[in-house]
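Q: Could you take me through the salt bridges in this model, one pair at a time? I would like to see where the partners sit and how open they are to the outside.

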Amino acid sequence: MSVRLDVRGIDDTIRRLAQHIGEEAWADIANTTEAYTRKMANESAQKAPLKDGGLKNSIASSPQKVDAQTWEYGSDLPYATRQEYEHSTHSAFIRNSVWDNEEDYRSAVERRVRN
C-alpha cells in the first residue's frame, strides 16, 4: 500500500510562469512537497495500529521521490492495506494524515507561486 503525492501540471505551470517567478520557485515547491510527504508519513506512522511496530516503522521510513513532481509513501507489509481499511478502530491512519495536511500543503504551494 502506498500513497502518492503527485502535483500534476505544476511543472508546466512553473515553466509558463518562469519569467515571473523563476526556476527557484520550482525548487521551493519540490522541497515543500518533500517536506509535506515526510510529515504525512510520520503522522501516519504515529496513528497506525501498533502491535510490534513493524507497520509504524515501514511507513515512517518509506517516503521516496518517484520523479521531479512526485513523492510517495506507504508500507510494503502484506497487511498494511487491511489495517488501513479494515482495522477495528476504522482509523484510516494514512488517509486521514493526507486529508489533514491537504489544505496546508495547497496553501504553501500557492503562497510560493504568488511570491
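A: Here is a walk through three of the pairs, one after another. Keep in mind that this is a predicted model. Some background helps: side chains of opposite charge can pair when their charged atoms come close. Here the count of salt bridges comes to eight.

Let's begin in helix α2, which covers residues 23-47. Glu34 and Arg38 are both found there, four residues apart, or about one turn of the helix. Their side chains form a salt bridge, with 3.1 Å from N to O. Glu34 has a relative accessible area of 26%, so it counts as partly exposed. Arg38, at 35%, is partly exposed as well.

Next comes a pair that links distant parts of the chain, 11 residues apart. Glu84 belongs to helix α4 (residues 80-86), while Arg95 belongs to helix α5 (residues 93-114). The N to O distance in this salt bridge is 2.7 Å. Glu84 is buried because its relative accessible area is 1%, under the 20% cut-off. Arg95, in contrast, is partly exposed at 26%.

Now stay in helix α5, where Glu102 and Arg106 lie four residues apart, about one turn of the helix. These two side chains meet in a salt bridge at 3.4 Å, N to O. Arg106 is partly exposed, with a relative accessible area of 39%, and Glu102 is partly exposed at 40%. This pair also has company: salt bridges with shared partners join Glu102, Glu103 and Arg106 into one network.

Methods. Residues numbered from 1 in each chain as written. Predicted model: local features only at pLDDT ≥ 70, side-chain atom pairs only at ≥ 80, totals over all residues. Heavy atoms only, no water. Salt bridge = Lys/Arg side-chain N within 4 Å of Asp/Glu carboxyl O. Helix = DSSP H or I, 4+ residues; strand = E, 2+ residues; numbered from the N terminus. Buried < 20%, exposed > 50% of the residue type's maximum accessible area, 1.4 Å probe, protein only.
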